Amino acid sequence: MQGKNCPNYINCQLVHKEEVLPDKKKQGQYIRDYCLAGEEAWSQCKRYLTKKKLNFCPDFVLPDSPWSPDEILDIFEEREMNDFNEQ
Ligand code: SF4
């Protein structure tokens, strides 16, 4: 099925959790340019691609983040490790 809206829209933290992107203007742009812009757009979203590959997407990832899902996992793990070491 070719959906116009991203299948993750209902649960995506970028859309629903203010802390992910406090800049409302930027959030609105992403939603317009990716989430609601048709499959060609949302299927390129790094949050979409990361969730598809890893089954989750860390909050720091934005639709146009430069990293691949594997790099995102590395960054996520590194941050988790740093947080753990700081405790
Ligand atoms: S396009 Fe990206 S940011 Fe938008 S709902 Fe889908 S996964 Fe989330």
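Start with the shell around the ligand: select helix H1 (13-16), helix H2 (24-35) and helix H4 (46-54), which each supply at least two of its residues. Helices here are DSSP runs of H or I, at least four residues long, numbered from the N terminus. You're looking at a predicted model, where local features need pLDDT of at least 70, side-chain atom pairs count only at pLDDT 80 or more, and totals for chains, interfaces and linings use all residues. Residues are numbered from 1 along each chain as its sequence is written, and side-chain values use heavy atoms, leaving out hydrogens and water.

Next, click on the ligand. Of the 13 residues around the ligand (a heavy atom within 4 Å), Cys6, Cys12, Cys35, Cys45 and Tyr48 come nearest.

Now move to H2. Which residues of H2 are buried? Pick out Gln27, Tyr30, Ile31, Tyr34 and Cys35; buried means under 20% relative accessible area and exposed over 50%, with a 1.4 Å probe and protein chains only. They sit on the same side of H2 because they cover an arc of only 100° around the axis, taking directions from the helix axis to the C-beta atoms. Swing round to the other side of H2, and Lys25 and Arg32 are exposed. Add H1 and helix H3 (39-42) to the view: both are among what covers the buried residues of H2, with contact meaning heavy atoms within 4.5 Å.

On to H4, where Lys46, Arg47, Tyr48 and Thr50 are buried. Show H1, H3 and helix H5 (69-86) too, since the buried residues of H4 pack against them.

Last stop: Asn55, just after H4, takes a positive phi of about 70°.
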